[in-house]
Amino acid sequence: MANFTTLKGFLLMGFSAKPEIEIVCASMFLVLYLVALTGNILIITATSIDDSLHSPLYFFLKHLSFLDLCYISVTVPRYICNSFMHNGNISLWECILQCFAFTLCGSSEMAMLTVMSYDRYVAICLPLRYEIIMNVSTCIHGILAVWISGVISGVMHTAATFSIHFCGANIIHQFFCDVPQLLKFSCSNEYVGELGVILFLSLVAFLCFICIGLSYMHIFSTVLQIPSAEGRAKAFSTCLPHLSVVMLFLSTGVFDFLKPHSDSPTALDFLLTVFYTVLPPALNPMIYSLRNKAMKTALRKVFKRRKV
């Protein structure tokens with residue numbers, strides 16, 4: 001990081017150079033942020049106070065909601081403030097911290113979704129051994145693995161990105177410190193090391209996707225053999241929401257990182273970024289609660305307690 005003395009910060013351009021459009025975008029982001037904040041806090045509260053939700057499935061769901069809160073809070077509040085204050089400046093150290101936290105939360109979320117798919121595999125394909133396999137020790141080790149993998153990814157990504165020398169106007173055409181945008185400021189081919197890190201993390205994400213895919217292949221094969229239509233519906237109701245979240249988060253994130261980035265970002269570039277940074281944390285609470293009877297019952301209990 002030898003260029004700290006010459007580089008003071010960056011300018012986040014957001015979605016448009018027109019202030020009125022930025023205000024509209026920031027208002028929409030504020031609504032999504034409040035939805036994500038409310039939904040995830042409700043899930044954390046419900047899974048914490050309701051004894052019927054003290055199982056590995058909801059233990060992991062509670063941690064996923066916490067991750068979602070961290071993930072969306074890394075980028076969105078700063079963008080909202082920048083838009084309303086008409087100031088997109090971000091210091092170098094703030095950019096480094098944002099890059100690290102964003103990578104940590106994103107990688108941890110991918111690992112969490114993988115752990116949750118394994119939990120569903122054991123619950124549906126090996127129901128008689130579920131309590132033995134998914135015991136307290138397994139759950140705790142799973143959460144530790146999620147956070148450790150996130151920290152390692154964050155350190156690797158951030159160190160490789162900010163070890164290069166930056167040249168140019170330092171204008172980031174995004175609403176946060178996006179690594180692909182930062183690489184365009186490289187003075188030479190120093191970004192090759194960072195590309196290696198991106199490819200490595202993409203490979204890890206792909207392996208996670210393979211593990212999730214194999215889990216669900218076994219799950220669907222087992223579910224289709226259930227004679228009861230009600231039993232099949234119940235099994236699918238807990239699996240399909242999780243699979244939809246995985247597909248949205250992984251496909252848009254990997255595609256955005258691996259596709260070529262132009263000097264003038266298109267509407268598709270911004271849309272893809274929103275799909276893997278803002279929508280998953282906002283949609284996860286609705287996806288998991290609206291299709292889950294136990295979660296809806298627990299949320300009703302939470303609201304009843306508040307009224308009392």
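1. What percentage of the 308 residues in the protein do buried residues make up? The share is 47% of the 308 residues, and a reader new to this structure should keep in mind from the start that the model is a predicted one.

2. On the overall build, the protein has 11 helices and 3 strands, and, when the elements are read along the sequence, they follow the pattern β-α-α-β-α-α-α-β-α-α-α-α-α-α. Among the contacts that join residues at least 6 apart in sequence, 78% are between residues at least 24 apart. As for the surface, the protein exposes about 14900 Å², and carbon and sulfur atoms supply 71% of that area.

3. On the interior, the largest nonpolar core has 64 residues, and those with the most contacts inside this core are Phe15, Phe29, Phe60, Leu61, Met112, Leu113 and Met295. Apart from this core lies another, of 17 residues, among them Leu12, Ile172, Val179 and Leu183. Taking Leu61 as one example from the 64-residue core, and leaving aside its neighbours within four places in sequence, one finds Leu61 in contact with Ile43, Met116, Tyr288 and Met295. The last of these partners, Met295, is itself listed among the residues with the most contacts inside the largest core.

4. On the aromatic residues, the structure holds 14 aromatic pairs. One of them is formed by Phe175 and Phe176, whose ring centres are 4.9 Å apart and whose planes stand at 65°, so the pair is edge-to-face; the cut-off that matters for this reading is an angle over 60 degrees between the planes. Both partners are shielded from the surface by the measure used here, since Phe175 is buried with a relative accessible area of 1%, and Phe176 likewise counts as buried at 1% relative accessibility. The two residues also belong to one aromatic cluster, which is formed by Phe15, Phe29, Tyr71, Tyr79, Phe102, Phe175, Phe176 and Tyr276. Two members of that cluster, Phe15 and Phe29, appear again among the residues with the most contacts inside the largest nonpolar core.

5. On charged pairs, a search of the whole structure finds 2 salt bridges. In one of them the side chains of Glu94 and Arg78 meet, at 3.3 Å from N to O. Glu94 lies in helix H3, residues 92-125, whereas Arg78 lies in helix H2, residues 56-85, so this pair ties together parts that are 16 residues apart in sequence. Neither partner is buried, because Glu94 is partly exposed with a relative accessible area of 37%, and Arg78 counts as partly exposed at 23% relative accessibility.

6. Where do the partners of the other salt bridge stand, buried or exposed? This bridge joins the side chains of Arg120 and Asp119, which meet at 3.0 Å from N to O. Arg120 counts as buried at 9% relative accessibility, and Asp119 counts as buried at 1%; both values fall under the 20% cut-off that defines a buried residue.

7. On the nonpolar surface, a patch of about 710 Å² is made by Val136, Ile140, Leu144, Ile148, Ile152, Met156, Phe200 and Val204. The elements that give two or more residues to this patch are helix H5, residues 136-161, and helix H7, residues 192-223, and H5 gives the most, with 6 residues. Phe200 has its place in helix H7, and, at 41% relative accessibility, Phe200 counts as partly exposed.

8. On two further residues of these helices, Ala145 has its place in helix H5 and counts as partly exposed at 43% relative accessibility. Ala145 and Ala111 are 34 residues apart in sequence, while their C-alpha atoms are 8.1 Å apart in space. Leu207, for its part, lies in helix H7 and is partly exposed, with a relative accessible area of 47%. Between Leu207 and Thr114 there are 9.7 Å in space, C-alpha to C-alpha, although the two residues are 93 residues apart in sequence.

Conventions: Residues are numbered from 1 along each chain as its sequence is written. This is a predicted model: local features need pLDDT of at least 70, side-chain atom pairs count only at pLDDT 80 or more; totals for chains, interfaces and linings use all residues. Side-chain values use heavy atoms; hydrogens and water are left out. Patches are made of residues with over 30% relative accessible area and no salt bridge: like charges are joined within 9 Å, nonpolar side chains (Val, Leu, Ile, Met, Phe, Trp, Tyr) within 5 Å. Accessible areas come from the Shrake-Rupley method with a 1.4 Å probe; for residues, only the protein chains shown count as cover. A salt bridge is a side-chain nitrogen of Lys or Arg within 4 Å of a carboxyl oxygen of Asp or Glu. Helices (H or I, at least four residues) and strands (E, at least two) are DSSP runs, numbered from the N terminus. Buried means under 20% relative accessible area, exposed over 50%, partly exposed in between (1.4 Å probe, protein chains only). Rings of Phe, Tyr and Trp (its six-membered ring) pair if their centres lie within 6.5 Å; planes under 30 degrees apart count as stacked, over 60 as edge-to-face and the rest as tilted. A nonpolar core is a set of buried Ala, Val, Leu, Ile, Met, Phe, Trp, Tyr and Cys residues joined through side-chain atoms within 4.5 Å. Contact means heavy atoms within 4.5 Å.
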